[in-house]
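Colleague: Got a minute to go through the aromatic contacts with me? Put the model up first.

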Amino acid sequence: MDLDFNFDDFKNIGISILRGIFIGIISMGLNAFLVFFPSIFLQSSVENGILKAIFALGVSSAILAGLSSPLYGGLLFFLFAPMVLIFHYCYANNKSYKFTFFAMFLVLLASALAFELGSFYFSDFNFSNFKSDFITSQLDLLRSGFGANVSQFEMYEDTIKRALDLTFMIMPSFYFIGILLISYFSYVSTARSLLKKGIIINQPPIFAFLSLPRNFIVGVLLALIAVIIFKQTGVANYVAIYYNLIAISIFLLLINGLSFISFLLLRYKMSGPLKFIIFLTIVIVPVLSGVAVVLGFFDMLFQFRKKVSFIRLGSDDEKF
């Protein structure tokens, strides 16, 4: 029974709690490490049962609340407990990896939005004032950096201000992408860790075979048509919707392009370290990122990988 505890259960739950506290503490300074936090309890839900996993998550969050702040601990539990629950439901009912991933993503997105709305409701935070103050402070900082060439800065001031304003405008897309990445990496790391222990669950394919469906472009076109309708009907934020849609689409095409490149590297038995260098170079060099986006678009449109003969994968091929 899920509520029955024995020595092994206490040991496993204790390890999950300690790992959760460790990752939670690191995440206080390096937010990127938060991506590793939920996988601890997703894995525990399969190995120890859902109630014990939620118990471990609750204890870890409570201790982190004491070490940091009640808001931080509450955030961790409120965000990830629903995702752990839906993941375990999908695992217990043998749902496909696509269903599981989208369910995890939607639940995490709903939890994050609910937390944000609650935070705004119970606080006196004013986003418009924050945005204005931030842009002003950044302009002042840049102006001081120009030193004697203030007149040169004034030539670019309007462009810089518009760039900062655009950054704020597409913040929802960053939010969406962040939730997407947390859901994906949590699912993949959990599935791979369980696989190493001999526990097989439905999981996404290796990155080289991860691809966007062809009807993705149909969805984007329908969304663009909706934006045009918003414009004609006088919806005030149609420009923001358009830019966020473009940002999310480009990101997904970039991922598809990187996946296609990974497929090619896999076919030619490229070593792991060299793969990492190639991908890092593509991500940080804008021109190469643009090439990857174009490759991602054409691969999605023509499904190149489905036209290539079957590749026999060895143990070395699955390291990426």
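Modeller: What follows is a quick run through ring pairs, burial and a charge over a ring.
This is a predicted model, where local features need pLDDT of at least 70, side-chain atom pairs count only at pLDDT 80 or more, and totals for chains, interfaces and linings use all residues. Residues are numbered from 1 along each chain as its sequence is written, and side-chain values use heavy atoms, with hydrogens and water left out.

Colleague: How many aromatic pairs are there by your rule?

Modeller: The count is 16. Rings of Phe, Tyr and Trp (its six-membered ring) pair if their centres lie within 6.5 Å; planes under 30 degrees apart are stacked, over 60 edge-to-face, the rest tilted.

Colleague: What makes Phe 101 and Tyr 184 edge-to-face?

Modeller: Their planes are at 85°, so the pair gets that label, with centres 6.3 Å apart. Phe 101 is in helix α5 (residues 97-121) and Tyr 184 in helix α8 (residues 171-196), 83 residues apart. Helices here are DSSP runs (H or I, at least four residues), numbered from the N terminus.

Colleague: Are those two buried or exposed?

Modeller: Both Phe 101 and Tyr 184 are buried (under 20% relative accessible area; exposed is over 50%, partly exposed in between; 1.4 Å probe, protein chains only).

Colleague: And what about Phe 105 and Phe 176?

Modeller: Also edge-to-face, 5.1 Å centre to centre with 75° between the planes. Phe 105 is buried at 6%, while Phe 176 is partly exposed at 25%.

Colleague: New topic: which residue has its charged end over Phe 99?

Modeller: Lys 95, 5.2 Å from the ring centre. The rule wants NZ of Lys or CZ of Arg within 6 Å of the ring centre and within 35 degrees of the ring normal.

Definitions and conventions: Helices (H or I, at least four residues) and strands (E, at least two) are DSSP runs, numbered from the N terminus.
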